[in-house]
Amino acid sequence: MVALARKTLVYEWRRFLPAILAVGFAGLLQLLQLALVLGIFGSTSMYITGSSADVWVGYPGTQSVGSGRSIDADVESRILMDPAVTRVEPYIWVDGDWRGPRETGGVSVFVSGIDTATDGMMFSRVLSPALRARLDEPDAIVVDRSALDQLGVGIGQTATINGHQVHVVGIGSGLRALGGVNVLCSLDTARRLDSDAEDVGPTYLVAKLRHPNEARAVARRLRGDQAFGPYTAWSARDFARLSVLYWLFDTGAGAGVLFLAGIVFLVGAVITSQTLIAAVNGSVREYATLNALGVGVAALRRVVLEQAFWVGTLGLLGASVLGIVLMLLARSQDVPVILNVPAALACIILVMGLAAVSGLAAMRSLRRADPATLLR
Amino acid sequence: MHRPASIAVTDQPALRAIGVSKAFVSGHLRTQVLDDLTLDIEAGELTLISGPSGCGKSTLLSILSGLQKIDSGSVQALGSELGQLDLRALERFRLEHTGFVFQGFNLFPALSAFEQVELPLNHMGLTRDEARRRARLSLEEVGLAHRMRLRPAELSGGEKQRVAIARALAKEPQLLFADEPTSALDAANGQMIIDLLHRIAVTHGTTVLCVSHDPRLVMHADRVLAMEDGHILSDRRPAAPAIDSHGTPS
Ligand SMILES: Nc1ncnc2c1ncn2[C@@H]1O[C@H](COP(=O)(O)OP(=O)(O)OP(=O)(O)O)[C@@H](O)[C@H]1O
Ligand SMILES: [Mg+2]
């Protein structure tokens with residue numbers, strides 16, 4: 001087969017360049033906005049992804065980590081009874097009001113009361129063992145480096161949370177929160193800081209499994225029992241996704257992403273289809289000649305679609321290279337960007353969909369390739 | 001390539017138009033281009049249609065080749081009633097039986113001469129080797145063996161038209177239609193093209209129907225039809241058609 005679509009694309013690359021650029025920029029824009037949004041909102045699931053627990057147990061209907069309610073402490077024994085579970089520890093979440101030594105006004109903080117044992121699961125991926133050990137001290141807290149200015153404290157200084165005095169024993173990193181500041185302390189300290197009389201048990205129980213890949217099945221199994229009052233269980237992965245999605249749509253960022261994706265698609269498709277239509281029109285007499293010689297309209301359409309496919313592929317390639325460079329640049333500047341497989345797939349689908357729609361639009365102008373018009 | 005004239009049906013014409021009428025309507029204006037025209041085109045001949053501009057030559061060609069529908073009458077090509085074929089079947093018919101040469105060369109700028117000729121063959125269900133063999137043979141036949149790898153931008157006008165002829169010829173069609181194939185060329189190149197068309201009719205038994213108002217071409221034709229206002233005015237056969245008097249093109 002003579003590769004008409006490909007040869008034309010190579011020979012007349014100048015003509016196709018605007019389409020390739022439009023597709024590439026559409027892909028790049030989409031990629032970066034997704035990576036940025038995922039980077040920013042990914043921090044809302046840091047509590048889960050930064051910990052080594054496989055299953056989370058909490059109050060039914062909880063929509064994000066930050067909106068849990070206390071559950072019965074006796075649930076712990078029920079969970080330990082499951083043969084798949086090797087370890088369970090409580091996790092206490094307290095919303096606090098921070099009063100620092102300097103004039104910062106009230107700052108809303110998210111207090112995380114965690115097991116300080118060396119093999120504790122909570123924040124095991126972001127908290128160093130040395131810092132964790134220091135939390136054993138009563139009323140000791142650890143905060144993220146990025147929050148020091150906001151809190152108006154330095155290491156060794158004291159402040160109050162919900163009226164109780166605490167002192168900063170260490171500074172961590174990777175503990176950023178969205179909409180507030182994370183404060184880490186021991187379970188005992190957290191209980192003291194909790195001013196709500198209704199909170200009797202822990203906010204969550206997190207469990208480690210013998211085989212982490214069974215998390216979903218174990219969570220489903222644990223969900224059935226209602227013996228100790230209301231609670232439910234999620235695999236860590238599901239709960240993390242739940243948290244991120246809640247924030248995406250609660251804040252309207254998700255709608256923003258979709259809106260921008262729509263606009264990017266539209267603008268990209270207009271430019272790309274116009275370019276492809278111009279390319280078809282430029283060869284319309286040649287296409288008509290082929291049709292006169294008996295080459296079917298379907299085969300001609302395939303040529304146009306193939307051109308659209310190549311334009312999409314080249315645009316995607318350019319977007320990937322530029323995207324990776326820009327993401328590395330962003331990372332080096334501490335801009336939170338995250339790209340995962342579904343997001344990358346979404347970009348690929350958007351770009352190839354854009355190319356396909358443009359190709360279909362360009363196919364319509366093949367109707368002008370009527371061989372009778374060649375005879376005048 | 002030296003296929004015996006496969007439609008050696010001497011008693012049946014290759015093309016037959018019976019009572020064909022065709023009018024174009026644009027707005028309130030109605031132009032009757034062909035009016036009750038009846039015509040037979042014999043197989044294996046070079047038939048030339050000439051006449052003043054706007055008399056309906058190209059329209060007649062497009063009707064006889066199945067590119068345009070008629071208002072009334074009937075058209076038979078190689079024994080098939082064209083009016084009864086749908087769009088698909090017409091494409092199929094053209095793929096199997098017809099070649100075209102137009103005034104403009106209509107070559108893809110991105111393809112080499114060889115690829116221009118090979119491309120339509122790809123759609124005929126031939127093997128790759130057979131398609132390439134035919135493409136090479138017909139480019140050799142039009143005298144472009146040494147120009148096969150060049151793109152249209154690197155070819156002269158006459159060479160481009162010869163590529164277009166090779167593209168039609170490689171399909172080994174029974175019917176070859178040419179509309180003003182020489183009008184964009186100078187005298188010498190035009191001469192070469194008409195020689196070529198005539199030779200194709202003689203050696204391949206192809207029915208060649210050519211429209212031109214170039215008087216120099218008349219003596220190369222087996223039969224000359226003079227048209228005016230949608231009618232055939234005269235139908236004559238020049239006494240001694242010059243067969244290959246100008247040698248092979250190179
Ligand atoms: N698609 C069309 N719509 C309207 N009128 C048409 C159309 N095609 C042809 N005509 C008219 O039909 C008449 C014959 O056209 P045709 O192209 O057959 O002429 P011709 O003999 O080939 O002329 P020329 O030698 O200049 O090429 C012209 O008057 C033209 O205006
Ligand atoms: Mg004409």
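In the predicted model, chain B contains an open sheet of 4 strands, arranged in the order β2-β1-β4-β5 with antiparallel pairing. The edges of this sheet are formed by β2 (29-41) and β5 (80-81) of chain B, and because each has a single partner strand, one side of each is left without a neighbour in the sheet. At the β5 edge, strand β4 (residues 72-77) of chain B is joined to β5(B) by 2 bridges, the two strands running antiparallel; within this pairing, B:Ala77 is found opposite B:Ser80 of β5(B).

The magnesium ion (ligand 2) has as its protein donors the O atom of A:Arg376 and the OG atom of B:Ser58, which lie 2.0 to 2.4 Å from the ion. This pair of donors crosses between chains, since A:Arg376 belongs to the segment after α13 (341-364) of chain A, whereas B:Ser58 belongs to helix α1 (residues 57-64) of chain B. The two residues also fall into separate accessibility classes: A:Arg376 is exposed, with a relative accessible area of 69%, while B:Ser58, with a relative accessible area of 8%, is buried.

The contact between the chains takes 30 residues from chain B and 26 residues from chain A, and the area buried between them is about 2700 Å², with carbon and sulfur atoms giving 67% of that area. Across this interface, 10 residue pairs are found in polar contact, both residues of each pair being at pLDDT 80 or more. The elements that give two or more residues to the side of chain B touching chain A are α1, α2 (87-97), β6 (98-101) and α3 (113-122) of chain B, and of these α3(B) gives the most, with 5 residues. The interface of chain B and chain A also holds 1 salt bridge, in which the side chains of A:Lys7 and B:Glu115 meet with an N to O distance of 2.3 Å.

Over all chains, the count of salt bridges comes to 20. One of these is formed within chain B by the side chains of B:Glu45 and B:Arg237, at 2.8 Å from N to O. As B:Glu45 lies in the loop between β2 and β3 (46-50) of chain B and B:Arg237 in the segment after β10 (231-236) of chain B, the pair ties together parts that are 192 residues apart in sequence. B:Glu45 is buried, at 15% relative accessible area, whereas B:Arg237 counts as partly exposed, at 46%.

Further salt bridges of chain B involve B:Arg134, which pairs with B:Glu130, the closest N and O atoms being 3.2 Å apart. Both residues lie in helix α4 (residues 128-141) of chain B, where a spacing of 4 residues corresponds to about one turn of the helix. B:Glu130 is partly exposed, with a relative accessible area of 23%, while B:Arg134 is buried, with a relative accessible area of 10%. The side chain of B:Arg134 also meets that of B:Glu172 in a salt bridge, at 3.7 Å from N to O; this pair links distant parts of the chain, with B:Arg134 in helix α4 of chain B and B:Glu172, 38 residues apart from it, in the loop between α5 (157-169) and β7 (175-179) of chain B. B:Glu172 counts as buried, at 19% relative accessibility, under the 20% cut-off for that class. In chain A, salt bridges that share partners join A:Arg87, A:Glu89, A:Asp115 and A:Asp119 into one network.

Conventions
Residues are numbered from 1 along each chain as its sequence is written. Chains are lettered from A and ligands numbered from 1 in the order in which they are written. This is a predicted model: local features need pLDDT of at least 70, side-chain atom pairs count only at pLDDT 80 or more; totals for chains, interfaces and linings use all residues. Side-chain values use heavy atoms; hydrogens and water are left out. Two strands pair if DSSP finds at least two bridges between them. Donors are N, O and S atoms within 2.8 Å of the metal (3.2 Å for Na, K and Ca); water is not among the atoms, so sites may look incomplete. Buried means under 20% relative accessible area, exposed over 50%, partly exposed in between (1.4 Å probe, protein chains only). Contact means heavy atoms within 4.5 Å. Buried area is the accessible area (1.4 Å probe) that two parts lose on being put together, summed over both. A salt bridge is a side-chain nitrogen of Lys or Arg within 4 Å of a carboxyl oxygen of Asp or Glu. A polar contact is a pair of N or O atoms within 3.5 Å; within protein, one must be able to donate a hydrogen and the other to accept it, and residues adjacent in sequence count only if both atoms are side-chain atoms.
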